[in-house]
Amino acid sequence: MPSTAEGPRARKVPQRPGDRIFAGASTGAGVLILVVLAGVAAFLLVEAWPALLAPAEDIPNGEGLAVYIWPLLFGTLLSAVFALLIAAPLAVAIALFVTYYAPRRLAQVLGYVIDLLAAVPSIVYGLWGFNQLAPLTVEPTGWLAENLGFIPFFEGPASATGRTMLVAILVLAVMILPIITAVVREAFRQTPRLHEEASLALGATRWEMIRMAVLPFGRSSIIGASMLGLGRALGETMAVAIVLSVSGGVTFNLIGTGNPGTIAANIALQFPESTGISVNTLITSGLVLFALTLVVNMAARAVIERRKEFSGAN
């Protein structure tokens with residue numbers, strides 16, 4: 001009799017045409033994203049190459065490429081990081097309130113409002129910050145300069161127009177708040193009901209249940225949403241260009257008249273009137289912003305992968 005040591009080969013399950021089309025389309029979309037990303041990187045590198053090789057006196061500031069880009073990079077990081085520090089905790093608090101504390105009807109209304117805020121154009125936020133928020137901050141920043149001037153962030157003298165880095169940070173925080181809140185809220189909704197009921201059955205209060213079951217489960221999503229908001233804050237253009245009164249330089253003073261610019265806003269303001277090596281210099285700063293955004297997303301991905309097994313995402 002024939003040997004039965006080797007079992008029959010598993011028959012391959014035939015795929016329907018729709019499955020093959022969907023699989024091909026998904027693979028093509030993933031490859032297309034990589035191709036577009038590589039194309040953008042190649043374009044920036046090619047266009048930035050003349051500025052990278054140009055002597056210092058040919059750069060618009062006459063002091064070299066590093067001296068030109070560093071204040072812009074500093075302003076970009078300063079505004080984006082502080083905006084994230086304001087928006088992320090507030091977004092988590094709003095998501096918890098909407099998911100676990102607010103009445104059902106109020107939660108639905110708040111959810112719709114948050115989703116609508118995410119769709120507001122950035123130029124509208126910029127006009128709001130310029131016309132409404134900036135004048136309201138003149139007196140408070142004056143008080144901060146007088147009473148907390150020993151802190152580098154409130155060193156002063158306070159700006160009389162209110163077009164300061166502090167206002168730009170607040171506008172950016174409001175802009176990224178809906179994005180972070182929406183992602184975190186959906187993550188909290190995915191918390192296994194069994195985990196919540198088990199915590200409550202063991203005598204935990206609602207806050208203890210959130211702290212022990214909900215927050216650990218949504219930790220990876222909180223990090224991912226925060227990095228998504230940080231990415232938007234890093235690349236925001238029109239809102240910062242409208243609100244911020246730029247004078248150059250590197251300073252931690254958030255309420256003074258001397259404010260560092262940001263890379264994206266500087267490109268938007270200077271590009272229409274630039275020619276020759278000035279265009280290449282602006283594209284070089286865009287290359288720096290592209291690399292910074294890529295590093296931030298890679299770091300966020302690494303953190304999420306490390307914490308995934310502890311967060312309940314699996």
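## Salt bridges and helix pairs

Let's start with Asp 115: its relative accessible area is 38%, which makes this residue partly exposed. Before going further, keep in mind that you're looking at a predicted model.

So what is Asp 115 paired with? The partner is Arg 185, and together they form a salt bridge whose closest N and O atoms are 3.6 Å apart. Is Arg 185 buried or exposed? Buried is the label for anything under 20% relative accessible area, so Arg 185, at 5%, counts as buried. Asp 115 sits in helix H3 (residues 104-117) while Arg 185 sits in helix H6 (residues 165-189), so this pair ties together parts that lie 70 residues apart in sequence.

Now stay in H6 and look at Glu 186. Its salt bridge goes to Arg 189, with 3.3 Å between the closest N and O atoms. Both of these residues belong to helix H6, and a spacing of 3 residues puts them about one turn of the helix apart. Glu 186 has a relative accessible area of 35%, so it's partly exposed. Arg 189 gets that label too, with a value of 48%. Here's a nice twist: Asp 115, Arg 185, Glu 186 and Arg 189 are linked in a network of salt bridges.

Over in helix H7, Arg 193 and Glu 197 bring their side chains together in another salt bridge, 3.5 Å from N to O. How far apart are they along the helix? They're 4 residues apart in H7, so about one helical turn separates them. As for accessibility, the line for exposed is drawn at over 50%, so Arg 193, at 57%, counts as exposed. Glu 197, at 44%, counts as partly exposed.

How many salt bridges are there in total? The count comes to 5, and the table shows three of them, including the pair from H7.

| Salt bridge | N to O distance |
|---|---|
| Asp 115 and Arg 185 | 3.6 Å |
| Glu 186 and Arg 189 | 3.3 Å |
| Arg 193 and Glu 197 | 3.5 Å |

Next up is how some of the helices pack. Two packed helices are described by the angle between their axes and the distance between the axes.

Take H7 (residues 193-201) and H8 (residues 206-217). Their axes are 9 Å apart and make an angle of about 135°, so H7 and H8 are oblique to each other. The H7 and H8 crossing is right-handed. Which residues do the touching? On the H7 side you'll find His 195, Glu 196, Ser 199 and Leu 200, and they meet Arg 206, Met 209, Ala 213 and Val 214 of H8. Sorted by class, the residues of the H7 and H8 contact come out as 4 nonpolar, 2 polar and 2 charged.

H6 turns up again in a pairing with helix H4 (residues 122-136), where the angle is about 135° and the axes are 10 Å apart. H4 and H6 are therefore oblique to each other, and H4 passes H6 in a right-handed crossing. H4 contributes Ser 122, Tyr 125, Trp 128, Gly 129, Leu 133 and Ala 134 to the contact, and H6 contributes Val 167, Leu 170, Val 171, Val 174 and Met 175. What classes do these residues fall into? The contact of H4 with H6 has 9 nonpolar and 2 polar residues, with no charged ones.

Methods:
Residues numbered from 1 in each chain as written. Predicted model: local features only at pLDDT ≥ 70, side-chain atom pairs only at ≥ 80, totals over all residues. Heavy atoms only, no water. Axes fitted to C-alpha atoms, helices over the stretch in contact; angles between N-to-C directions. Helix = DSSP H or I, 4+ residues; strand = E, 2+ residues; numbered from the N terminus. Parallel < 35°, antiparallel > 145°, perpendicular 65-115°, else oblique. Left-handed = near helix turned anticlockwise from the far one by under 90°. Contact = heavy atoms within 4.5 Å. Nonpolar A, V, L, I, M, F, W, Y, C, P; charged D, E, K, R; others polar. Salt bridge = Lys/Arg side-chain N within 4 Å of Asp/Glu carboxyl O. Buried < 20%, exposed > 50% of the residue type's maximum accessible area, 1.4 Å probe, protein only.
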